[in-house]
Amino acid sequence: MTSPGDSGGRETWPLWEVFIRSSRGLSHVHAGSLHAPDETMAVRNARDLYTRRAEGVSIWVVRASDITSSDPDAKGEFFESPQGKEYRHATYYTESEQVPHL
Amino acid sequence: MNHSNHVVSSAITPESIADSSLVASEAVAQYALGLGDDALVLAHRLGEWITNAPELEEDVALGNIGLDLLGHARSLLTYAGTAWDKSEDDLAYFRDEAEFRSHQLFEQPNGDFAATIARQLIASVYFAELYRELSSSADATLAAIAAKALKEVDYHVDHSEQWLQRLGLGTEYSRQRMQAGLDAMWPYVDELFGEDPFVAAAGEAAIDPRTLRPAFDAAVPRMITEAGLEVPTAPAARGGGRSGVHAEAFGPMLAELQVLARAHPGATW
């Protein structure tokens with residue numbers, strides 16, 4: 001599956017998704033996307049575009065076409081089935097008096 | 001200013017120099033003026049790429065490098081100006097062509113992207129070696145400016161080398177264009193490492209550029225050959241930038257740099 005913006009053609013640089021970790025101990029978070037001829041330059045472009053204000057200590061890039069995503073049109077069957085199933089949350093259950101350490 | 005987020009910087013800035021009671025000695029100011037002009041002129045040339053680079057991302061990359069250089073220029077000119085009670089703007093906008101000390105490499109027209117990369121590679125390696133040595137200058141302010149700049153120019157070297165490799169090892173056409181860019185810029189290498197008329201008087205505060213040549217020769221020809229290109233053998237240009245001798249293209253560039261400040265003296269925005 002090709003991603004929007006990725007022509008797959010040689011005349012256009014491929015699209016890369018950029019993930020920035022803002023400090024040690026936190027996760028990499030999606031920051032945006034950019035074009036670059038290859039992964040090495042993608043990291044450099046990401047440095048210039050997304051870390052100019054000391055936003056990050058680590059950068060990941062991944063070719064947008066290498067990301068497999070869920071289908072936006074399948075929102076119903078994918079994400080709406082948990083509705084009405086509050087028992088899947090711990091807060092649904094009442095505390096039993098006899099059970100210690102809860 | 002009160003920035004609550006991220007890093008609170010303690011690095012030297014033009015504002016901190018201007019607000020301090022620092023006064024450069026005459027000899028140090030004369031030396032710093034040349035270094036400041038080098039950075040200012042190349043920063044302006046890189047700014048000309050904005051909206052014209054091959055891709056938006058490269059607009060930003062070249063713009064970032066230009067802004068780093070503009071930062072170096074501001075600190076160096078501000079510091080030089082303390083000797084004569086002049087501001088960075090006085091020095092940047094109200095000197096004429098023959099008063100600019102910049103080496104001729106930096107004023108060379110951008111040419112195509114490959115020519116700009118060739119100029120930037122030569123410039124960045126020169127700046128990196130210079131600032132590495134200058135960061136232990138006997139003049140504490142020059143040392144602090146150089147130490148801050150060094151981290152930035154090390155990245156500029158990387159950017160240029162990455163592009164040198166991609167263009168040199170890309171297609172036959174990109175290799176030809178990259179070689180032509182190197183050939184066009186190479187005559188201006190010798191001037192960078194020649195005798196600087198303002199170095200001797202500044203003593204231990206200054207770096208004799210002639211001492212930087214071995215490091216340049218150890219790095220750049222290797223980068224060029226590793227990118228499948230040939231080290232140019234073109235004869236050196238006449239030079240003389242430090243003495244105010246500039247190439248034909250410098251005048252129009254300087255006019256563009258100065259026109260707004262001269263049309264509206266003292267304007268702020």
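Two strands count as paired if DSSP finds at least two bridges between them. The exercises below concern a predicted model with ipTM 0.81 and pTM 0.88.

**Exercise 1. The sheet of chain A**

Determine the strand order of the sheet in chain A, and state which strands lie at its edges.

Solution.

Step 1. Start with strand E1 (residues 15-21) of chain A, which pairs with E2(A) in the antiparallel sense over seven bridges. Two residue pairs illustrate this register: A:Trp16 stands opposite A:Leu34, and A:Arg21 has A:His28 as its bridge partner.

Step 2. Look at the link between these two strands. E1(A) and E2(A) form a hairpin with six residues between them, and in the turn A:Gly25 has a positive phi of about 95°.

Step 3. Turn to E3(A). E1(A) is joined to E3(A) by six bridges, and the two run antiparallel. Here A:Ile20 of E1(A) has A:Ile59 as its bridge partner.

Step 4. Assemble the pairs. The result is an open sheet of three strands in the order E2-E1-E3, with antiparallel pairing. E2 and strand E3 (58-63) of chain A are the edge strands, since each pairs on one side only. On average, neighbouring strands are turned by 25° against each other, direction ignored.

Step 5. Add the helix. H1(A) packs on this sheet and touches E1, E2 and E3 of chain A; its direction makes about 130° with that of E3(A).

**Exercise 2. Where chain A meets chain B**

Find how many residues of each chain are in contact, and which element of chain A gives the most to the side that touches chain B.

Solution.

Step 1. Count the residues on both sides: 13 of chain A are in contact with 10 of chain B.

Step 2. Assign the chain A side to elements. Strand E2 (28-35) and helix H1 (39-50) of chain A are the elements that give two or more residues. H1(A) gives the most, with six residues.

Step 3. Sort the chain A side by character: seven residues are nonpolar, three polar and three charged.

**Exercise 3. Two helix pairs with similar questions**

For H2(B) with H3(B), and for H6(B) with H7(B), classify the relative direction and give the handedness of the crossing.

Solution.

Step 1. Take helix H2 (residues 26-47) and helix H3 (residues 56-81) of chain B. The two pack at an angle of about 155°, with their axes 7 Å apart. Angles over 145 degrees count as roughly antiparallel, so H2(B) and H3(B) are roughly antiparallel to each other. The crossing is left-handed.

Step 2. Describe the contact. From H2(B) the residues include B:Ala32, B:Gly36, B:Ala39 and B:Ala43, and from H3(B) they include B:Gly63, B:Gly66, B:Leu70 and B:Ala73. The whole contact divides into 18 nonpolar, five polar and no charged residues.

Step 3. Take H6(B) and helix H7 (residues 140-168) of chain B. Their axes come within 7 Å and cross at roughly 150°. H6(B) and H7(B) are therefore roughly antiparallel to each other. H6(B) passes H7(B) in a left-handed crossing, and the residues of the contact divide into 18 nonpolar, four polar and three charged.

**Exercise 4. H6 against H8 in chain B**

Classify the packing of H6(B) against H8(B) and sort the contact residues by character.

Solution.

Step 1. Helix H6 (residues 113-134) and helix H8 (residues 172-185) of chain B pack at an angle of about 50°, with axes 7 Å apart. That angle makes H6(B) oblique to H8(B).

Step 2. The crossing of H6(B) and H8(B) is right-handed.

Step 3. H6(B) contributes residues including B:Ala114, B:Ala118, B:Arg119 and B:Ile122, while among those of H8(B) are B:Arg177, B:Met178, B:Gly181 and B:Met185. By character, the contact holds 10 nonpolar, one polar and two charged residues.

**Exercise 5. Confidence in chain B**

Identify the stretch of chain B where the pLDDT is below 50, and say how it should be read.

Solution.

Step 1. Begin with the chain as a whole: the mean pLDDT of chain B is 94, and 97% of its residues reach 70 or more.

Step 2. Locate the exception. Over residues 1-8 of chain B the pLDDT is below 50, and beyond near neighbours in sequence this stretch has four contacts in the model.

Step 3. Apply the general rule. Where pLDDT is low, the predicted coordinates should not be read in detail.

Technical notes:
Residues are numbered from 1 along each chain as its sequence is written. Chains are lettered from A and ligands numbered from 1 in the order in which they are written. This is a predicted model: local features need pLDDT of at least 70, side-chain atom pairs count only at pLDDT 80 or more; totals for chains, interfaces and linings use all residues. Two residues are in contact if their C-beta atoms, placed from the backbone, lie within 7 Å. Helices (H or I, at least four residues) and strands (E, at least two) are DSSP runs, numbered from the N terminus. Ala, Val, Leu, Ile, Met, Phe, Trp, Tyr, Cys and Pro count as nonpolar, Asp, Glu, Lys and Arg as charged, and the others, Gly among them, as polar. Axes are lines fitted to C-alpha atoms, for helices over the stretch in contact, and angles run from 0 to 180 degrees between N-to-C directions. Angles under 35 degrees count as roughly parallel, over 145 as roughly antiparallel, 65 to 115 as roughly perpendicular and the rest as oblique. A crossing is left-handed if the near helix is turned anticlockwise from the far one by less than a right angle, and right-handed if clockwise. pLDDT is the predictor's confidence in each residue, from 0 to 100.
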